[in-house]
Amino acid sequence: MSKNADIIYKVMVKRFETILPIVLSEVAEIVSNHIEEMSTTESADGLPVWSGNLHDSTGIGLYYNGSLVAYKPSRIALRKQHIEEYSYFGYEELDKVMNDTNNYNNGIWFVLFSASPIAFMIDTEGSPYGRGVGYFSDELVPYTMAVLEEKLKEHGL
């Protein structure tokens, strides 16, 4: 690589490393607000709110070399969710998985979490009231990707 190309490469990497955390924090804020809005939506597209624990267990972890900035929903659950012999508060489950930074020690990580054991079932089968099918796979993940793409363009990345 020529000296000029090497300098340009280093400048580009520095710009990317400087701007990417800003972009990701903007995306996390927008998506976190979207999760809040969708939890209050009465349509079938919204996140089902039965006990509130699925809502409370869904959030975003933004990691930079192991340091965590957490985007968590407001707590709405008033009682534990019971699944067979297991009962939990969603916010406690979210805290557990977010604070386990072993997988995110190096680099920049944007992680969309749903720490509820019923998240997959809701996404694939829906709630007992028929809400939530595809909420994560068909709605939240594509929404997050679209916001990320928009913010990267806004910042010239």
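1. How many nonpolar, polar and charged residues does the lining of the largest cavity have? By class, that lining has four nonpolar, three polar and two charged residues. The model is a predicted one, and the points below should be read with that in mind.

2. The cavity itself. The count comes to one cavity of 30 Å³ or more, and the largest cavity has a volume of about 40 Å³. Its lining consists of Ser 32, Ile 35, Glu 36, Thr 58, Gly 59, Ile 60, Tyr 71, Lys 72 and Pro 73. Two elements, α1 (3-40) and β1 (58-64), give two or more residues each to this lining.

3. Strand β1 and its partners. β1 is mostly covered, with six of its seven residues buried. It runs antiparallel to β5 (residues 108-114), to which it is joined by seven bridges. One of the residues lining the cavity, Thr 58, has Ser 114 as its bridge partner in β5. β1 also runs antiparallel to β2 (residues 67-71), and here five bridges join the two strands.

4. The hairpin of β1 and β2. Tyr 64 has Ser 67 as its bridge partner in β2. Two residues lie between the strands of this hairpin, and Asn 65 takes a positive phi near 50 degrees.

5. The largest nonpolar core. This core has 21 residues, of which Val 31, Tyr 135, Phe 136 and Leu 140 touch the most other members. The elements giving two or more residues to the core are α1, β1, α4 (119-125) and α5 (135-154). The largest share, nine residues, comes from α1. α1 and β1 thus appear in two lists: they contribute to the cavity lining and to this core.

6. A second core. Apart from the largest core lies another, of six residues. Among its members are Tyr 63, Tyr 104, Val 111 and Phe 113.

7. Helix α5. Does the span of α5 agree or disagree with what its 20 residues should give? At 1.5 Å a residue, the helix should span 28 Å, and its end C-alpha atoms are 27 Å apart, so the two values agree. The buried residues of α5 include Tyr 135, Phe 136 and Leu 140, which are also named among the residues touching the most other members of the largest core. Thr 144, Val 147 and Lys 151 of α5 are buried as well. After α5 comes Gly 156, with a positive phi near 75 degrees.

Note on methods:
Residues numbered from 1 in each chain as written. Predicted model: local features only at pLDDT ≥ 70, side-chain atom pairs only at ≥ 80, totals over all residues. Heavy atoms only, no water. 1 Å grid on protein atoms, 1.4 Å probe; cavity = no way out; pocket = protein on both sides within 12 Å on 5 of 7 lines; lining within 4 Å. Points joined across faces, edges and corners; volume = space filled by probe spheres on them. Helix = DSSP H or I, 4+ residues; strand = E, 2+ residues; numbered from the N terminus. Nonpolar A, V, L, I, M, F, W, Y, C, P; charged D, E, K, R; others polar. Buried < 20%, exposed > 50% of the residue type's maximum accessible area, 1.4 Å probe, protein only. Pairing = 2+ DSSP bridges. Core = buried A, V, L, I, M, F, W, Y, C linked by side-chain atoms within 4.5 Å. Expected span 1.5 Å × (residues − 1).
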